[in-house]
Amino acid sequence: MAKAPRLKITVINLLCLVVLCGATESPQYEVVHAESDFELRHYRDATWMSATVNDLSFQKATLFGFHRLFQFIQGANLNYSRVAMTSPVVTSLVPGAGPLHSSAYVVRFYLPAKFQDSPPTPLPELNLKPYAWDSHHVAVRKFSGFATDDIVVKEAAKLATSLSLSPWANATSATHYSYSIAQYDPPFRFFGRTNEVWVDVDASRFAGKASF
């Protein structure tokens, strides 16, 4: 019965140690358009390591998914390679029938440049897979505080409203994910936290407009 709390404490402690050492690499992007409450980014091709978690809770899924990813970056791979921490950690929601409109989540860790072309092979028991995130556009809304189950749904709804009033009202891309939450800070940071809601957008039809 006490396994979950102990796991949570362990992951938080590990996150603290990792972030204190510095998270220096992030996926590269270009801001191609900005509104008052969201911006449109173009992300380049990148390789991530992903953990699928079946859970109705965004917070629990992120916790358990990152625990597996953390083991991987600490050397639980066939190469025995240690992988530097990066940011953000991204949790994508797979559409479903749950109360948070999701029945599964995919937690992703951006691989540093050193491992982009040849990721270490995770140990089989971790059930991790490399994910090639092709070049794409995302609409991004920033929010502060902790990304709790209730907050992420509210922030995603706010981004959806903003998009509905913009030229991208009918341009959201058809993907396997309804939206993603990017978290940049460790749990022990209580102030000045940075989180983002990401929604894939098909911006190709606007490529010739002046705002691009």
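**Exercise 1. Determine which strands form a hairpin with four residues between them.**

Solution. Strand 1 and strand 2 are the partners in this hairpin of the predicted model. Strand 1 covers residues 29-34, and strand 2 covers residues 39-43. The two strands pair in the antiparallel sense, with five bridges between them. Within this pairing, Glu30 lies opposite His42 of strand 2.

**Exercise 2. Identify the strand, other than its hairpin partner, that is joined to strand 2 by five bridges.**

Solution. Begin with the bridges: five of them connect strand 2 to strand 7, residues 136-143. Next, consider direction: strand 2 and strand 7 run antiparallel. Finally, locate a facing pair: Glu39 is placed opposite Val140 in strand 7. Strand 2 is thus bridged to strand 1 and also to strand 7.

**Exercise 3. Decide whether strand 2 is mostly covered or mostly uncovered.**

Solution. The criterion for a buried residue is a relative accessible area under 20%. Four of the five residues in strand 2 are buried. Strand 2 is therefore mostly covered.

**Exercise 4. Establish where the predictor's confidence is lowest and highest among the elements of the protein chain.**

Solution. Start from the whole chain: the mean pLDDT is 85, and 80% of the residues score at least 70. Then compare elements: helix 1 (residues 3-20) has the lowest mean pLDDT, 48, whereas strand 3 (residues 46-53) has the highest, 97. Lastly, examine individual stretches. Over residues 7-14 pLDDT stays under 50, and the model has eight contacts beyond four places in sequence for them. Over residues 16-21 pLDDT also stays under 50, with five such contacts.

Definitions and conventions
Residues numbered from 1 in each chain as written. Predicted model: local features only at pLDDT ≥ 70, side-chain atom pairs only at ≥ 80, totals over all residues. Heavy atoms only, no water. pLDDT = per-residue confidence, 0-100. Contact = heavy atoms within 4.5 Å. Buried < 20%, exposed > 50% of the residue type's maximum accessible area, 1.4 Å probe, protein only. Pairing = 2+ DSSP bridges.
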